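Please look through the structure below with its helices in mind, following how they pack against one another and then turning to a single side chain.

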Amino acid sequence: MSPPSPATTPTTRNPNASIDIDDDDSVEASKPVRRRFWSHDEEVRLASAWLNTSKDRIHGNDKKIDSFWGQITKEYNRNTPPDRRRDTNQLKCHWKRLSGIINEFNGYWTSVCKVNKSGYSDDQLMDEAQQMYQKRHGKPFSLVHWWRILKSEPKWCLHVAQMEKEKNKAAYVDIADGRGASYGQRTSQATTQM
């Protein structure tokens with residue numbers, strides 16, 4: 001007679017069973033991670049790492065996204081104290097979240113600068129852009145330190161243009177007319193006709 005197969009053997013759990021975790025390498029990953037807030041210095045370091053990696057002429061800019069963010073992570077962590085180092089995902093998420101906010105403020109700044117205000121200083125223009133941002137969000141724009149690093153960099157301007165292009169892409173949907181025929185319409189037109 002052969003022993004029962006593991007698939008047919010009923011399993012019972014012993015709630016008092018002990019597990020030896022001393023030899024387990026994954027214990028570090030299972031510890032709860034305390035959230036670390038970003039300092040101004042860390043945000044400046046992230047913006048600088050993004051710019052330096054983006055403008056790297058030796059390695060070029062035809063990198064896959066994982067390679068690109070891997071290099072940003074190396075650059076960022078190279079000048080970071082060991083207890084403040086960040087992984088690629090943390091850097092990527094923080095960049096994604098804040099670059100959209102900075103892009104929005106940059107739009108306010110651009111619109112304020114396009115209006116020819118004779119005799120206005122950069123500080124007065126900044127105050128006006130801040131007022132526009134605060135009117136929309138109910139709080140002042142707090143990422144000026146990041147924006148000043150990025151605002152006049154060609155790579156950032158290209159990034160902003162790319163973000164605007166993606167934002168303005170129109171999605172097409174099929175809408176059936178009264179005769180049963182369907183045709184493609186821009187989403188914005190489709191919602192107004194429904």
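In this predicted model, a good place to begin is where helix α3 meets helix α4: Asp66, Trp69, Gly70, Ile72, Thr73 and Tyr76 on the α3 side are in contact with Thr88, Leu91, Lys92 and Trp95 on the α4 side. Sorted by class, the residues of this contact comprise five nonpolar, three polar and two charged. The axes of α3, which spans residues 65–78, and of α4 come within 9 Å and cross at roughly 100°, and because angles of 65 to 115 degrees count as roughly perpendicular, α3 is described as roughly perpendicular to α4.

Helix α4, residues 88–114, also packs with helix α7, residues 154–168, at an angle of about 90° and with the axes 11 Å apart, so that α4 is again roughly perpendicular to its partner, α7. Here Trp95, Ser99, Gly100, Ile102, Asn103 and Asn106 of α4 meet Trp156, His159, Val160, Met163 and Glu164 of α7, and the contact is made up of five nonpolar, five polar and one charged residues. Trp95 thus takes part in the contact with α3 as well as in the contact with α7.

From the helix pairs we can turn to Gln130, which lies in helix α5, residues 122–137. Its relative accessibility is 16%, and because buried means under 20%, Gln130 counts as buried. Leaving aside residues up to four places away in sequence, Gln130 touches Phe105, Pro140, Phe141 and Val144. With one of these, Phe141, there is a polar approach, since a polar atom of the Gln130 side chain lies 2.9 Å from the backbone nitrogen of Phe141.

How values were computed: Residues numbered from 1 in each chain as written. Predicted model: local features only at pLDDT ≥ 70, side-chain atom pairs only at ≥ 80, totals over all residues. Heavy atoms only, no water. Axes fitted to C-alpha atoms, helices over the stretch in contact; angles between N-to-C directions. Helix = DSSP H or I, 4+ residues; strand = E, 2+ residues; numbered from the N terminus. Parallel < 35°, antiparallel > 145°, perpendicular 65-115°, else oblique. Contact = heavy atoms within 4.5 Å. Nonpolar A, V, L, I, M, F, W, Y, C, P; charged D, E, K, R; others polar. Buried < 20%, exposed > 50% of the residue type's maximum accessible area, 1.4 Å probe, protein only. Polar contact = N/O pair within 3.5 Å; in protein donor to acceptor, adjacent residues only side chain to side chain.
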